[in-house]
Amino acid sequence: MANSPQAKKRARQNVARFQVNKMRRSRIRTYLRSVEEAIAAGDQKAAIEALRAAQPELMRGVTKGVLHKNTASRKMSRLSSRVKALG
């Protein structure tokens, strides 16, 4: 357990950061799920719109440190190729 004041503060900050990052990850996953659902439905127009909405969320996750840059790029690449294949 944390004994020094700095360690106690760090523990509090970690809890707060965990909650914020958890919400960010959940938001990103929601956007990705909407793209997946549009792909599964075979609706290319809806999939393109969902992908355009998901891209800034993925990149925001990168800048906030929730996702690695290569992970976000890989997800965008794979999703966009799947959306393109619908047409």
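## Glu-57, a buried acidic residue

In this predicted model, Glu-57 has a relative accessible area of 8% and is therefore buried, since that value falls under the 20% cut-off. Glu-57 is found in helix H2, and, once its neighbours within four places in sequence are left aside, Glu-57 is in contact with Arg-27, Ile-28 and Tyr-31.

One of these contacts is also a salt bridge, in which the side chains of Arg-27 and Glu-57 meet at 3.0 Å, N to O. This pair links distant parts of the chain, with Arg-27 in helix H1 and Glu-57 in helix H2, 30 residues apart. Whereas Glu-57 counts as buried at 8% relative accessibility, Arg-27 is partly exposed, with a relative accessible area of 44%.

## Other salt bridges

The structure holds 4 salt bridges. A further one is formed by Arg-82 with Glu-36, where the closest N and O atoms are 3.0 Å apart. This pair, too, links distant parts of the chain, because Arg-82 lies in helix H3 and Glu-36 in helix H1, 46 residues apart. Both partners are partly exposed, Arg-82 with a relative accessible area of 37% and Glu-36 with one of 34%.

Within helix H2, Glu-49 forms a salt bridge with Arg-52, and here the closest N and O atoms are 3.5 Å apart. Glu-49 and Arg-52 are 3 residues apart in this helix, so about one helical turn separates them. In an α-helix, which has 3.6 residues a turn, residues three or four places apart point the same way. Glu-49 is partly exposed, with a relative accessible area of 45%, whereas Arg-52, with a relative accessible area of 57%, is exposed. Elsewhere, salt bridges that share partners join Arg-27, Glu-57 and Arg-60 into one network.

## Helix H1: span and buried residues

Helix H1 covers residues 5-41, and its 37 residues should span 54 Å at 1.5 Å a residue, which agrees with the 54 Å that separates its end C-alpha atoms. H1 is followed by Gly-42, whose phi is positive, near 80°.

The buried residues of H1 are Asn-21, Ile-28, Leu-32, Val-35, Ala-38 and Ile-39, and what covers them includes H2 and H3. Ile-28, one of these buried residues, is also among the contacts of Glu-57 described above.

## The largest nonpolar core

The largest nonpolar core has 15 residues, and those with the most contacts inside it are Leu-32, Val-35, Ile-39, Leu-51, Leu-58, Leu-79 and Val-83. Helix H1 (5-41), helix H2 (44-63) and helix H3 (69-86) each supply at least two residues of this core.

The surroundings of Leu-79 give a local view of this core: leaving aside its neighbours within four places in sequence, Leu-79 is in contact with Leu-32, Val-35, Glu-36, Ile-39 and Leu-51. Among these partners, Leu-32, Val-35, Ile-39 and Leu-51 are themselves listed with the core residues that have the most contacts, while Glu-36 is the partly exposed residue that forms a salt bridge with Arg-82.

Terms used. Residues are numbered from 1 along each chain as its sequence is written. This is a predicted model: local features need pLDDT of at least 70, side-chain atom pairs count only at pLDDT 80 or more; totals for chains, interfaces and linings use all residues. Side-chain values use heavy atoms; hydrogens and water are left out. A nonpolar core is a set of buried Ala, Val, Leu, Ile, Met, Phe, Trp, Tyr and Cys residues joined through side-chain atoms within 4.5 Å. Buried means under 20% relative accessible area, exposed over 50%, partly exposed in between (1.4 Å probe, protein chains only). Helices (H or I, at least four residues) and strands (E, at least two) are DSSP runs, numbered from the N terminus. Contact means heavy atoms within 4.5 Å. The expected span of a helix is 1.5 Å times one less than its number of residues.
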